[in-house]
Amino acid sequence: MSAAAIRLSPEQANPPLLVFGGTFDPVHLGHLGAVSALRDALHAETVIWLPAGEPPHRPQPAASAAHRLAMLQLALAGEPDCVIDTRELDRSGPSYTVLSLEELKAEYPDHPLCLALGLDAALGLTQWHRWQEVLALGGIAVMRRPGWSLPEPLPQWWRDAECDPHRPVPASGGWVRFVDIPPVDVAAADIRADLMHGRSVEAKVPAAVAAYIKEHELYGKNTRD
Ligand code: ATP
């Protein structure tokens, strides 16, 4: 599925497009719960899920791109406002977010872009390729993530760009907002470790994803129940 399938709201002139990138290795209930709460908080509609092909800032995924994409499709089946955008899987070379945001901005010039990041990812933003341009191309909504606390003081770049939480997000880029969503304590690394040790992950991923992992014997020694 491509970004061309995005449904734009006839009611709201310029609802923000939420862009949610990740390795999704595998997609889990933390991703789904966090983004759903964020979408409500920002009055966004469409979420563009952007699976990374070759993540530049972390070890390469354990599962192939084809498996990660298949699991994402299963997790988002029946979610009409979620679009899976495969441009980073189709592009060769590192999956730089800035390139994807530049393309999305050109394709949807009338819609503010908002990059959704967990707090752990946001605190690493300044390590990203052309990170200032990432911030300039869209706003950044930072989601609470269990195990991570807001640093005090916040990094300077964050303080400089922080926007008023009581106002609608600006149509221009260059802003950051922390969104205090209900925490969902699930991480893909823990799921992979569970599977390696034969533990069930059914409470952490959608049922169809758990079945897919089992069927394809992903992530090492698989769960037996
Ligand atoms: P891993 O454990 O392999 O590092 P992950 O669970 O962090 O994986 P990613 O696909 O790397 O998942 O994350 C994509 C995005 O989702 C990141 O911005 C990350 O911070 C965010 N995220 C992942 N899990 C949660 C969660 N439980 N709550 C809020 N944000 C999350």
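Okay, before anything else, one bit of vocabulary: when I say polar contact, I mean a pair of N or O atoms within 3.5 Å. Keep that in mind, and keep in mind too that this is a predicted model.

So, let's start with the ligand. A backbone N or O atom of Thr23 is 3.0 Å from one of the ligand's oxygen atoms, so this pair falls within the 3.5 Å of a polar contact. Ala189 also uses a backbone N or O atom, and that atom is 2.8 Å from an oxygen of the ligand. With Asp120 we move to a side chain: an N or O atom there lies 2.6 Å from a ligand oxygen. How much of the ligand does the protein bury? On its own the ligand exposes 600 Å², and 91% of that is buried by the protein.

Now, who's around it? The ligand is surrounded by 23 residues, and the closest are His28, Asp120, Arg145, Val184 and Ala189. So Asp120 and Ala189 turn up again here, among the closest residues. If you sort that shell by type, you get eleven nonpolar, seven polar and five charged residues. The elements giving two or more residues to the shell are strand 1, helix 1, strand 4, helix 5 and helix 8.

Let's zoom out a bit. Where does the ligand sit? It sits in the largest pocket, which has a volume of about 1000 Å³. That pocket has a lining of 45 residues, and the ones nearest its centre are Gly21, Gly22, Arg58, Asp120 and Ala121. Two or more lining residues come from each of strand 1 (17–22), helix 1 (29–42), helix 4 (97–107), strand 4 (113–118), helix 5 (119–122) and helix 8 (188–196). Which of them gives the largest share? That's strand 4, with four residues. By type, the lining of this pocket splits into 25 nonpolar, 13 polar and seven charged residues.

There's a second largest pocket as well, with about 180 Å³ of space. It's lined by 13 residues, and Leu42, His43, Arg167, Pro168 and Val169 are the closest to its centre. Seven of the lining residues are nonpolar, four are polar and two are charged.

Last stop, the backbone, and a few spots you may want to click on. Asp25 and Pro26 are joined by a cis peptide bond, with omega at about 5°. To find Pro26, look in the loop between strand 1 and helix 1. Those are two elements you've already heard about, since strand 1 and helix 1 each give two or more residues to the shell around the ligand. There's another cis peptide bond between Glu152 and Pro153, with omega at about -5°. Pro153 is in the loop between strand 5 (139–143) and helix 7 (156–161). And then there's Glu217, which isn't a glycine but still has a positive phi, about 50°. You'll find Glu217 in the segment after helix 9 (207–216).

If you take one picture away, make it this one: the ligand in the largest pocket, with 91% of its exposed area buried by the protein. That's me done, thanks.

Technical notes:
Residues are numbered from 1 along each chain as its sequence is written. This is a predicted model: local features need pLDDT of at least 70, side-chain atom pairs count only at pLDDT 80 or more; totals for chains, interfaces and linings use all residues. Side-chain values use heavy atoms; hydrogens and water are left out. On a 1 Å grid over the protein atoms alone, a cavity is a set of points where a 1.4 Å probe fits but cannot get out, and a pocket is an open set with protein on both sides within 12 Å along at least five of seven lines; lining residues have an atom within 4 Å of a point. Grid points are joined across faces, edges and corners, and a volume is the space filled by probe spheres set on the points. Ala, Val, Leu, Ile, Met, Phe, Trp, Tyr, Cys and Pro count as nonpolar, Asp, Glu, Lys and Arg as charged, and the others, Gly among them, as polar. A residue is near a molecule or strand if one of its heavy atoms lies within 4 Å of it. A polar contact is a pair of N or O atoms within 3.5 Å; within protein, one must be able to donate a hydrogen and the other to accept it, and residues adjacent in sequence count only if both atoms are side-chain atoms. Accessible areas come from the Shrake-Rupley method with a 1.4 Å probe; for residues, only the protein chains shown count as cover. A molecule sits in a cavity or pocket if more than half of its atoms lie within 2 Å of its grid points.
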